[in-house]
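Please open the model in your viewer and keep the sequence panel beside it, since the tour moves from the whole chain to single sites and back again.

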Amino acid sequence: MKLFGSKLKKIFLDIIFPIKCLSCRAEGDWLCLRCLSQLRLYNYNLCPICGLENKDGQVCGYCRHISNLDGLLVILENNKLSQKMIHLVKYNFIPDIFNHLKPRFVEYFGKNPLWRDFFVLTPVPLHPRRFLERGFNQSQLICDIISGIGGNKINDQLLKKIKYNRHQVGLGASKRHVNITGSFKTTVNLQADYNKPIVIVDDVYTTGSTLEECAKKLKEAGYKTVWGLVLIRS
Ligand SMILES: [Zn+2]
Ligand SMILES: [Zn+2]
């Protein structure tokens, strides 16, 4: 009866406030099939630090000494649609839009032989205050999608956000670095397997300061291999 009630409620809500495609405004879903095809996979593999092309997104030999990351996986092409999708999830609080990412991840991991199911996923954490404001962590949602496809373990306790920073959006590279420095800490885990590769998951890579700071903490804690994974690189 309750199920019927919630279904009925959804039908009424769809009539009064129809869901429209965030790109072409066609009624029915957050992304219609035609626009979904514009959500394209990112087709390059580059060293995230210097931008030199390579075969799998690893940090190149020249940049190893200036980065704590071992590599970066970028999933989607950075275009108006992918940007809008992320913006609506984070700032308009519509997490359901991310459901459309699943087929893209299936396609991405099918094409990327480097991806392994023993990689442990950890989301970039939100400060507890930010979490309460938003009601969800968008990076955790991305981890859930990946784990649902590849069966990867998620450990959301590896990192804690201890500083409530202002948003990074609109800040230049040096201000982003200052804003984020000292923002995270690792938790002590006596059962930790430091040989398991960790993949830190975030929505956007801009200057890389957030992922670098998280990777630094994980490397200091003893983890040997730390990669980043983002939806887009802006
Ligand atoms: Zn559309
Ligand atoms: Zn490089």
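What percentage of the 234 residues in the chain is buried? In this predicted model, buried residues make up 44% of the chain, and colouring by accessibility is a convenient way to begin.

**The whole chain**

Show the cartoon, and follow the 8 helices and 6 strands of the chain from one end to the other, where they succeed one another in the pattern α-α-β-α-α-β-α-α-β-α-β-β-α-β. Along the principal axes, the C-alpha atoms fill a box of roughly 55 × 35 × 35 Å. The radius of gyration is 19 Å, which agrees with the value near 17 Å that a compact globule of 234 residues would have. If you switch on contacts between residues at least 6 apart in sequence, 69% of them join residues that are at least 24 apart.

**First stop: the zinc ion (ligand 1)**

Select ligand 1 together with Cys-21, Cys-24, Cys-32 and Cys-35, whose SG atoms coordinate this zinc ion at 2.3 Å. Along the chain, these donors follow the spacing C-x2-C-x7-C-x2-C. Two of them are worth picking out as a pair: Cys-21 and Cys-32 both lie in the loop between helix H1 (2–16) and helix H2 (33–36), so the pair ties together parts that are 11 residues apart in sequence. Both Cys-21 and Cys-32 are buried. Why is the arrangement around the zinc ion (ligand 1) tetrahedral? Its 4 donor atoms subtend angles of 102 to 119°, and this makes the arrangement tetrahedral; for comparison, the ideal angle for four tetrahedral donors is 109.5 degrees.

Stay in the loop between H1 and H2 and select Trp-30, which is found there. Beyond residues up to four places away in sequence, Trp-30 touches Ile-19, Lys-20, Cys-21, Leu-22, Ile-94, Asp-96, Ile-97 and His-100, a list that includes the zinc donor Cys-21. A C-alpha to C-alpha distance drawn from Trp-30 to Phe-98 reads 9.4 Å, although these two residues are 68 apart in sequence.

**Second stop: the zinc ion (ligand 2)**

Move now to ligand 2, a zinc ion coordinated at 2.3 Å by the SG atoms of Cys-47, Cys-50, Cys-60 and Cys-63. Here the donors are spaced as C-x2-C-x9-C-x2-C along the chain, and the site is tetrahedral, with angles of 104 to 114° among the 4 donor atoms. Is Cys-47 buried or exposed? Cys-47 counts as buried because its relative accessibility is 0%, whereas Cys-50, at 44%, counts as partly exposed.

**Third stop: the other cysteines**

With the sulfur atoms still displayed, look for disulfides: taking a pair of cysteine sulfur atoms within 2.5 Å as the criterion, the count comes to 0. Cys-143 is in no disulfide, and the nearest cysteine sulfur, that of Cys-214, is 12 Å away. Cys-143 counts as buried because its relative accessibility is 0%.

**Fourth stop: Leu-101**

Select Leu-101 in the loop between helix H3 (80–91) and helix H4 (102–111). Leu-101 counts as buried because its relative accessibility is 1%. Which residues are in contact with Leu-101, leaving aside its neighbours within four places in sequence? They are Leu-39, Leu-76, Met-85, Ile-145 and Leu-231. The C-alpha atom of Leu-101 is also separated by 9.5 Å from that of Ile-146, which lies 45 residues apart from it along the chain.

**Last stop: helix H7**

Finally, select helix H7 (residues 173–180) and highlight its buried residues, Arg-176, Asn-179 and Ile-180. They cover an arc of only 85° around the axis, so they sit on the same side of H7. Rotate to the face turned away from this buried side, and you will find the exposed residues Ser-174 and Val-178. What covers the buried residues of H7? The cover includes strand E4 (184–186) and helix H8 (209–221). Just after H7, select Gly-182 and check its backbone, where phi is positive at about 75°.

Technical notes:
Residues numbered from 1 in each chain as written. Chains lettered and ligands numbered in written order. Predicted model: local features only at pLDDT ≥ 70, side-chain atom pairs only at ≥ 80, totals over all residues. Heavy atoms only, no water. Donors = N, O, S within 2.8 Å, 3.2 Å for Na, K, Ca; no water. Tetrahedral: all angles 85-135°; square planar, octahedral: opposite > 155°, others 65-115°. Helix = DSSP H or I, 4+ residues; strand = E, 2+ residues; numbered from the N terminus. Buried < 20%, exposed > 50% of the residue type's maximum accessible area, 1.4 Å probe, protein only. Arc of directions from axis to C-beta. Contact = heavy atoms within 4.5 Å. Rg over C-alpha atoms; globule rule 2.2 N^0.38 Å.
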